[in-house]
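Open the model in your viewer and follow the stops below in order. Each stop gives a selection and then says what is there.

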Amino acid sequence: MKTKLGLLYGGKSAEHQVSLQTALAVIKALDLEKFEIHPIYINVEGRWIKGPQLTEPVEHVKALEFSEGNQLSPLSLAPALFQAEQQERQPLDVIFPLLHGPNGEDGTVQGLLELLNLPYVGNGVLASAAGMDKVVMKNIFAQAGLTQVNYVAFIKSEWESAKEDAYAKVEAELGYPCFVKPANLGSSVGISKCRNQAELEAAFVEAFQFDRKVIIEEGVVAREIEVGVLGNDDPECSVAGEIVPKKDFYDYKAKYEDGETALIIPAEISDQEYEELKEMAIRAFKALDCSGLVRADFFLTKEGKVLINEVNTMPGFTPFSMFPLLWKHTGVEYPQLIERLVGLAQERHAVKQNIKYTF
């Protein structure tokens with residue numbers, strides 16, 4: 001019996017195109033002898049469109065951008081959203097949310113799937129929400145005793161009412177260089193490196209286009225090392241990989257468009273450094289109560305100090321993506337990785353079904 005797998009992608013987010021690329025890569029890797037693939041597209045206006053079952057690989061993202069089909073409204077979600085075929089009235093076995101950024105990776109869709117009592121790949125509501133908000137995530141890491149760079153944060157109204165005070169606080173607590181980021185966004189969208197106040201002012205304006213909250217982080221001279229984490233209650237780590245940007249830092253264009261980045265897998269680090277990375281990655285995974293997968297990102301200074309930067313609760317699966325490459329070098333090929341994630345989703349769902357909610 002094939003597994004009915006619903007792929008949920010697109011989304012009303014600045015990372016819409018990243019999600020499409022991720023969906024395309026996953027579809028190409030799925031074994032059609034094992035899976036029925038049912039695409040569910042969320043367009044940039046936020047409309048949900050259920051496409052026909054895919055019976056052969058798709059070669060371009062345009063084929064996944066449906067303009068017609070079974071359009072769904074929030075009012076009709078519970079009875080109809082994830083049925084494989086309307087005439088069958090059979091729900092899909094597992095949903096794979098391939099959504100990045102707000103309204104997808106931040107716990108909102110995960111909450112919907114919980115209410116529908118459907119198994120889904122990846123992190124739950126709490127881990128997704130906390131992992132999306134860099135300020136909340138870093139506060140949790142601090143509580144867990146994980147070492148990280150210094151940071152400050154502002155909401156837009158706070159900045160607008162006292163801009164000079166905000167800039168002064170950044171300069172006093174962090175200095176230059178520093179990085180300004182939207183708090184609730186990924187894929188390096190809206191991030192700026194600042195070397196002086198003029199650049200800092202421009203960076204605030206840029207970041208606030210994408211979120212009402214920004215985080216500013218101290219700049220460090222360090223290597224960028226990443227580790228993949230896979231599992232539920234007993235997670236395991238991949239080999240470590242290093243990102244070596246040819247540009248000033250690893251921005252959106254370097255990640256997804258021009259490949260202007262060298263990925264070194266496995267990273268050339270000592271056994272002791274790798275063990276510390278693994279321990280911190282798993283501690284971060286558990287601190288956020290993650291499940292399924294994360295990519296944990298670190299800074300490694302020339303003195304050998306390990307600082308956790310962030311975790312990504314829905315890392316991309318594009319041809320340039322680090323997460324599947326890390327697991328490939330660990331011995332888990334891309335199709336196997338997807339199958340393991342589906343299995344972890346079913347495992348977690350089965351555990352939840354045994355929880356009593358009444359006395």
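Is Lys 305 buried, partly exposed or exposed? Select it and turn on the surface: Lys 305 has a relative accessible area of 49%, so it counts as partly exposed. The cut-off for exposed is over 50%. Bear in mind throughout that this is a predicted model.

**Around Lys 305**

Keep Lys 305 selected and show the chain on both sides. Lys 305 sits in the loop that links β13 (292–301) with β14 (306–312). Next, display the side chains of Phe 299 and Leu 300: Lys 305 is in contact with both, when neighbours within four places in sequence are left aside. Then add Glu 276, which is 29 residues away from Lys 305 along the chain. A distance drawn between the C-alpha atoms of Lys 305 and Glu 276 should read 9.7 Å.

**The four-stranded sheet**

Now clear the selection and show β6, β7, β8 and β9 as a cartoon. These strands form an open sheet in the order β6-β9-β7-β8, and their pairing is antiparallel. At the edges are β6 (151–155) and β8 (192–194), each of which pairs on one side only. Looking across the sheet, the twist from one strand to the next averages 25°.

Zoom in on β7 (residues 178–182) and β8. The two run antiparallel and are joined by three bridges. Within this pair, Cys 178 is opposite Cys 194 of β8.

**Two helices on the sheet**

Add helix α7, residues 163–173. Helix α7 lies across β6, β7 and β9 (213–218), and runs at about 170° to β6. Then add helix α8, residues 197–207, which packs on the sheet and touches β6, β7, β8 and β9. The direction of α8 makes about 15° with that of β7.

**The cysteine pair**

Return to Cys 178 and Cys 194 and show their side chains as sticks. How many disulfides does a search of the whole structure find? The search finds zero. For Cys 178, the nearest cysteine sulfur is that of Cys 194, 4.6 Å away, and Cys 178 is in no disulfide. A disulfide would need the sulfur atoms within 2.5 Å. Cys 194 likewise is in no disulfide, and its nearest cysteine sulfur is that of Cys 178.

Finally, switch the surface back on at these two positions. Are they buried or exposed? Cys 178 has 0% relative accessibility and therefore counts as buried. Cys 194 is also buried, at 0% relative accessibility.

Key. Residues are numbered from 1 along each chain as its sequence is written. This is a predicted model: local features need pLDDT of at least 70, side-chain atom pairs count only at pLDDT 80 or more; totals for chains, interfaces and linings use all residues. Side-chain values use heavy atoms; hydrogens and water are left out. Two strands pair if DSSP finds at least two bridges between them. Axes are lines fitted to C-alpha atoms, for helices over the stretch in contact, and angles run from 0 to 180 degrees between N-to-C directions. Contact means heavy atoms within 4.5 Å. Buried means under 20% relative accessible area, exposed over 50%, partly exposed in between (1.4 Å probe, protein chains only).
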